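The exercises below are meant to be worked through with the sequence and the structure side by side. Try each task before reading the solution that follows it.

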Amino acid sequence: MSELTITLLRLGYLALLWFFVLAAVGVLRRDLYGTKIVNRRLRRAENVPARSSAPARAPSPAPSTPIPRRDSNPRRLVVTAGPLRGTTLPLTSSAILIGRAPSCTLVLDDDYSSSRHARVFPQDGQWFVEDLGSTNGTFLGRQRVEEPTSVTVGSQIRVGQSTLELQR
């Protein structure tokens, strides 16, 4: 082989090694900093119809309309399946961050969950689950969560190998 061929093979090998190093750094960066911050106020403003200038009157409730009881609100988040089965977190007015990172509220020791996988948060008297750009996804029942989705009491949220449930 000529000296030029050997030099070109060495340079090609060096370029291939750098490609793999940069690809590995990119994967690590996405895993650590992959959370996308979504401004819900802008999204909500797009979905709200324009209000008329006339003041709207609130409809009076019908006498047969049941008044919601206070016990119907969930009070805790329970891990029902997975390595942390039996773990209970009280639901307060703050969001619960779920993932492998030590800064999360519920830290999962699970290879199938991302460092910041999902969050469960209250808004307007309801609880919502949101996927934070995880690799394997977050599921509510059998449906993959693509945007913040309302969660009811007893609904199963699957994050990696763990199953979570809102309970009273």
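Two strands are said to pair if DSSP finds at least two bridges between them, and this cut-off is needed in the first exercise. The model is a predicted one.

**Exercise 1. Determine which strands pair with S3, and in which sense.**

Step 1. Begin with S5: three bridges join S3 to S5, and the two strands run antiparallel. Within this pairing, Ile96 has Val120 in S5 as its bridge partner.

Step 2. Turn to strand S4 (residues 106–107), which pairs with S3 in the parallel sense over two bridges. Here Ile98 has Leu106 in S4 as its bridge partner.

Step 3. Consider the side chains of S3: Ile96 and Ile98 point one way, Leu97 and Gly99 point the other way, and all are buried. In a regular strand the side chains alternate between the two faces of the sheet.

**Exercise 2. Work out which residues have the most contacts inside the largest nonpolar core, and which elements give two or more residues to this core.**

Step 1. The largest nonpolar core has 19 residues, and those with the most contacts inside it are Leu77, Ile98, Leu106, Ile157, Val159 and Leu164.

Step 2. The elements that give two or more residues to this core are strand S1 (76–81), strand S3 (96–99), strand S5 (118–123), S6, strand S10 (156–159) and strand S11 (162–167).

Step 3. Take Leu77 as an example: leaving aside residues up to four places away in sequence, Leu77 touches eight named neighbours, among them Leu89, Leu91, Ile96 and Leu164.

**Exercise 3. Trace the order of strands in the open sheet of six strands, and find its edges.**

Step 1. The order is S2-S1-S11-S10-S7-S8, with antiparallel pairing.

Step 2. The edge strands are strand S2 (88–90) and strand S8 (143–144), each of which pairs on one side only.

Step 3. At the S8 edge, S7 and S8 pair in the antiparallel sense over two bridges, and the bridge partner of Leu140 in S8 is Gln143.

**Exercise 4. Decide whether Gly137 and Asp124 are buried or exposed.**

Step 1. Locate the two residues: Gly137 lies in the loop between strand S6 (126–131) and strand S7 (138–140), while Asp124 is found in the loop between S5 and S6.

Step 2. Gly137 has a relative accessibility of 2% and therefore counts as buried, since buried means under 20%. Asp124, at 69% relative accessibility, counts as exposed, because the cut-off for exposed is over 50%.

Step 3. Add the surroundings of Gly137, which touches His117, Asp131, Arg144 and Arg158 when residues up to four places away in sequence are not counted. For Asp124, note the backbone: its phi is positive, at about 55 degrees, although Asp124 is not a glycine.

**Exercise 5. Describe the setting of Ser150 and of Leu14, each of which is partly exposed.**

Step 1. Ser150 belongs to strand S9 (residues 149–151) and has a relative accessible area of 31%. Ser150 and Gln126 are 24 residues apart in sequence and 6.9 Å apart in space, C-alpha to C-alpha. Not counting residues up to four places away in sequence, Ser150 touches Gln126, Trp127, Phe128 and Leu140.

Step 2. Leu14 lies in helix H1 (residues 3–33), and its relative accessible area is 44%. Leu14 is one of the residues that make a nonpolar surface patch of about 830 Å², the others including Leu11, Trp18 and Val21.

Technical notes
Residues are numbered from 1 along each chain as its sequence is written. This is a predicted model: local features need pLDDT of at least 70, side-chain atom pairs count only at pLDDT 80 or more; totals for chains, interfaces and linings use all residues. Side-chain values use heavy atoms; hydrogens and water are left out. Helices (H or I, at least four residues) and strands (E, at least two) are DSSP runs, numbered from the N terminus. Buried means under 20% relative accessible area, exposed over 50%, partly exposed in between (1.4 Å probe, protein chains only). Contact means heavy atoms within 4.5 Å. Patches are made of residues with over 30% relative accessible area and no salt bridge: like charges are joined within 9 Å, nonpolar side chains (Val, Leu, Ile, Met, Phe, Trp, Tyr) within 5 Å. Accessible areas come from the Shrake-Rupley method with a 1.4 Å probe; for residues, only the protein chains shown count as cover. A salt bridge is a side-chain nitrogen of Lys or Arg within 4 Å of a carboxyl oxygen of Asp or Glu. A nonpolar core is a set of buried Ala, Val, Leu, Ile, Met, Phe, Trp, Tyr and Cys residues joined through side-chain atoms within 4.5 Å.
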